[in-house]
Every structure is written in C-alpha cells, then in structure tokens.
Amino acid sequence: MPTIAKEMHMPAYGERVLQKDMKGPDVAELQLRLAGFRGTLPDGDFGSGTELQVQQFQRDVMKMASPTRVVDKATFIAIDQFAQRCPIDFKQLKCPCGTCSGFGRGLFRGQYLPGGQGQEINNLYEYPGIHRMLLWAVRAAYFYMPEHQFSFSSGYRCSVDNQQHKRTSTNHHGKAVDLDIALKAGESKRDDAVKCDAVRGKLVELSNAQIGWTAANRKALEPSSIAPTWVHYDVRQYDAVYLADSYFCKDADSLDRPMPIKV
Ligand SMILES: [Zn+2]
C-alpha cells in the first residue's frame, strides 16, 4: 500500500517551506517556536494568525523591510539563530526541593484539589518539565528587552517543594515561570515594580499575553497586585490538548530539538 504510506508521511520541521494554508506537525512546531511573536496555538494549521507571527518575526528579528510571511530556509535559520542568541538557563529552572530530580516525579496525573475536578488551576499533576512554548515565549522577552538582565526566580516547584513552603498553587508544576529583573545600583523596589509593569505591557503588546486568566488558550501574566517585583508568565489557560506531556522539556536539547534544515 505505497499510496497510503506516502499520505501518512508527516513532514518534519525544516523539511519544506511553510506558508499560508499548509497543515502539519511542522506548522505546529513553527507556531510553538514563534510563541513570543504575537503568539497562536500550536494547532498545525497555518492560518492568518500564524502569518502575522511570521511577519512580526521577519520584521523584528530578521529586519526585513517587506516581510514575505513565507518560512523559507533563511527564516528557519533565523529562528535557530534567535534561539542561540536567547538561551534558556535550565539550572535556574530546576525545582529546589532536594527530593525530585528537578522537574517533579510525574505524580498525581488526573488528580485535582478537592472540588476542582477538571479545572487546570486545581490540577495536581507534576508535568514532565517546563512547557516548551512558555520558554520560547520567554526568549522573545529576552530579545525585545535587551535593556533588562533577566533571570528565573522560580521555575519548577514540585509537590514536595509546595509542602516545604505550605503552598497550594500547582501552577509551577511546569506551566509557569517567574522572571526577575536585576536592579542597577541605587534602584529601589519602586523602580523594580515600574520595570515589571513595563515588561508586562510589552508582553501584552508583542506576544499576545493577557494580564490575568480571563481568556482560554492565551499566555497569562499575574497582575502587579500579585507580582509587584517579578513577572509571572504561564500557560495555565491552555486546553488540555496543548498541555500534553510532549510539550514539556527538561533540558536545552529537548527545548530546541535541533533538526537539520533541509529546505
Ligand atoms: Zn521538587
């Protein structure tokens, strides 16, 4: 049955030029990697939202005067170079509990806080790493705001770490990171708060993030009332299909999954 086998071949990321109206896992991977450029969902369908993502990436990163919105070889290479320029420090993301190996133990799949069945905010599952899309979105924050020195003040915080700190929130079981901005000499807590507000504003403007958790399937930021001197960024509002285990990673290799660009 060679015909069926041919139809079932799923092009890998970088195997073909991508443009509007194409579909496939390679489109989903593109959408994921451009999470911080406007941002859509990794549904594998190259629609007008994905086109706007590519346009913004080509305009801002590749400095193209007239973006083509077509993901050709130069654009694939530029995405790789963007990743290299904006590395993610996994040492800062590891859970500090001393019991798990850094990203939980995969406990509590399908279990929720009492009364909160089916609601992601109450999901007790220790996801296997940090969501790749969130980390690619963080890279865009690094790119757009080189004036700030960012670090992760919180990455993974497993159930043991939660017990140690008497916390109930499970957001940091892989779906959230907290970014700290280094203060310059003489800067105050007030300056810190102003900077964090400015960063949140940029992420709303450039990455399609929301402040608070009103809309489904959008990246979320804690408001300044909760996070005055840090920037909490999460993907808690994603539908379960976009929180599958395969979206989570524990190291730079699995974040980037470098693949030869063949186009
Ligand atoms: Zn832990």
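User: Two strands pair if DSSP finds at least two bridges between them, right? In which sense do β2 and β3 pair here?
Analyst: Strand β2 (residues 150-154) and β3 pair in the antiparallel sense, over four bridges. Strands (E, at least two residues) and helices (H or I, at least four) are DSSP runs, numbered from the N terminus. Heads up: this is a predicted model, where local features need pLDDT of at least 70, side-chain atom pairs count only at pLDDT 80 or more, and totals for chains, interfaces and linings use all residues. Residues are numbered from 1 along each chain as its sequence is written, and side-chain values use heavy atoms, leaving out hydrogens and water.

User: Which residue is the bridge partner of Phe 152?
Analyst: That's Leu 179, in β3. Strand β3 is also joined to β6 (residues 231-234) by four bridges, again antiparallel. There, Val 177 stands opposite Tyr 233 in β6.

User: How many of the six residues of β3 are buried?
Analyst: Five, so β3 (residues 176-181) is largely enclosed by the rest of the structure. Buried means under 20% relative accessible area, exposed is over 50%, and partly exposed is in between (1.4 Å probe, protein chains only).

User: OK, switching to α2. What do its buried residues pack against?
Analyst: They pack against α3 (48-60), α4 (73-85), α6 (132-144) and α9 (252-256), with contact meaning heavy atoms within 4.5 Å. Among the buried residues of α2 are Val 27 and Leu 30.

User: And how many disulfides are there?
Analyst: Zero in the whole structure, taking a disulfide as a pair of cysteine sulfur atoms within 2.5 Å. For Cys 86, the nearest cysteine sulfur is that of Cys 249, 16 Å away.

Note on methods: Pairing = 2+ DSSP bridges.
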